[in-house]
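This note sets out, in numbered points, what a reader may wish to check when viewing the structure. Each point is best read with the structure at hand.

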Amino acid sequence: MANADTILIERCQANDAAAFNEIVARYKSRVHNYVARMVGPNSDAEDLTQEVFIRAYVNMHSFQSRASLNTWLYRIATNICIDFARKTKRVKANTTTLMREDEESGEEIERDIPDSKFEPQSVLMNRELGDKLEQALELLPEKLRTVVLLHDIEGLAYDEIAHIIECPLGTVKSRLFNARAALRERLIPYLDGSSAPVRLSR
Amino acid sequence: MNCKQANGLISEYIDNQLSARDTWELDRHFGECNPCQNLLNEMRQTVNIVAAAPEFKLSDDFASKLSARLALVQPAPPRNAWLSNLREAFRPGLRPAWVAGLGTCAIVAIMLVPTLMPNRPVDPRQVTQTKKAIERVVQFENVSNAVSDPFGDTAAASMVTTNSAESAANATNPEPIW
């Protein structure tokens, strides 16, 4: 994989457009998945994912061959998500006030609530657990969320994460521990400590 | 290993990142301690739930939209290799290593500098001056000894002898005080 990436990068640096399309095809889902959980699964996530690939394309010549393409893309994505979160924090403060005005005016707000009447119990449970997980991830501080997403969902190693977030290895370990502990606290109604660990299917 | 130590290592234990010895000690602890075993199971389940989180789907026109945006930009020209190497060497992740390295160098320098100082050639004039200074000090000491030492003075010595003879006589014929 890494060798194929190196060849793709070399072709890109020689201005081969098809090679960059190959990189996009290979990494778009992973990068989008990460970005969507960092900023929330909305239209911004797709725009930001595109931004990641545009920045990678523009800075293709500054890519260091000793780093992996995977790590490099996640590093760009992390920086873009952090910038986005900083910008939207200010906007969020304004939108909260508008929402309150809506509620005070007594207007009925239309909400999309799925009809779960005919769904099997297991699917319902999985969906509920999935929603709870997304909420729990969203509530995590940004620094903890970055580490747990990169490790437990994207499958990156400790040292790769240390390189992406530019922190010592010990910081990665402690953040991962804290993130998992916080998630466990929020998912505790769905956990059973006395039973052996269960592996959920995707 | 106690419960607090075990809990601190639980995350690395789940990821198989511990040394064989730590793993063995934790295995033993979890075998003996039910609360810690429960915590381990809950943490493992949490990790499994996170890992099983569903993927978000990209819209079908993602690639075409991206191609349209890419057509408007150009790759930046390559930067100087030495500049990027320098940036890489001083990236924040390597700061602890730099601090540790510089600290070690400072300690080594403090220890080695006095031993590595070259021996300066001795100036003969300085030697004679020092000799003269020592002689002056010795002379001064002799004089001061002579002044403070009554045994060096013959008159004083004779006085000491007379006094001691009188006191010996007094000792043999004690006179009544009254």
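Which residues in α8(A) are buried? The points below begin with that question and then turn to the rest of the structure.

1. The model under review is a predicted one. Within it, the buried residues of α8(A) are A:Val172, A:Lys173, A:Arg175, A:Leu176, A:Phe177, A:Ala179, A:Arg180, A:Leu183 and A:Arg184. A general rule helps in reading such a list: an α-helix has 3.6 residues a turn, so residues three or four places apart point the same way.

2. The helix α8(A) consists of 19 residues. From its first C-alpha to its last it reaches 27 Å, which is close to the 27 Å expected at 1.5 Å a residue.

3. The same helix also matters for the contact between the chains. To that contact chain A gives 48 residues and chain B gives 41 residues. On the side of chain A that touches chain B, at least two residues each are supplied by α2 (17–39), α3 (43–58), α5 (121–139), α6 (142–153), α7 (158–165) and α8 (169–187) of chain A. The largest share of that side, 7 residues, comes from α8(A). Sorted by class, the side of chain A that touches chain B holds 25 nonpolar, 14 polar and 9 charged residues.

4. Two of the helices named above, α6(A) and α7(A), deserve a separate look. Their axes come within 10 Å and cross at roughly 140 degrees. Angles over 145 degrees would count as roughly antiparallel, and 65 to 115 as roughly perpendicular; α6(A) and α7(A) are therefore oblique to each other. The crossing in which α6(A) passes α7(A) is right-handed.

5. Where these two helices meet, α6(A) brings A:Thr146, A:Val147, A:Leu150 and A:His151, while α7(A) brings A:Ile161, A:Ile164 and A:Ile165. By class, this contact of α6(A) with α7(A) comprises 5 nonpolar residues, 2 polar residues and no charged ones.

6. As to chain A overall, there are 8 helices and 0 strands. Of its 202 residues, 30% are buried. Among its contacts between residues at least 6 apart in sequence, 63% join residues at least 24 apart.

7. Chain B, for its part, has 9 helices and 0 strands. Of its 178 residues, 10% count as buried. Taking contacts in chain B between residues at least 6 apart in sequence, 45% join residues at least 24 apart.

Notes:
Residues are numbered from 1 along each chain as its sequence is written. Chains are lettered from A and ligands numbered from 1 in the order in which they are written. This is a predicted model: local features need pLDDT of at least 70, side-chain atom pairs count only at pLDDT 80 or more; totals for chains, interfaces and linings use all residues. Two residues are in contact if their C-beta atoms, placed from the backbone, lie within 7 Å. Helices (H or I, at least four residues) and strands (E, at least two) are DSSP runs, numbered from the N terminus. Ala, Val, Leu, Ile, Met, Phe, Trp, Tyr, Cys and Pro count as nonpolar, Asp, Glu, Lys and Arg as charged, and the others, Gly among them, as polar. The expected span of a helix is 1.5 Å times one less than its number of residues. A residue is buried if 20 or more other C-beta atoms lie within 10 Å of its own, exposed if 12 or fewer, and partly exposed in between; C-beta atoms are placed from the backbone. Axes are lines fitted to C-alpha atoms, for helices over the stretch in contact, and angles run from 0 to 180 degrees between N-to-C directions. Angles under 35 degrees count as roughly parallel, over 145 as roughly antiparallel, 65 to 115 as roughly perpendicular and the rest as oblique. A crossing is left-handed if the near helix is turned anticlockwise from the far one by less than a right angle, and right-handed if clockwise.
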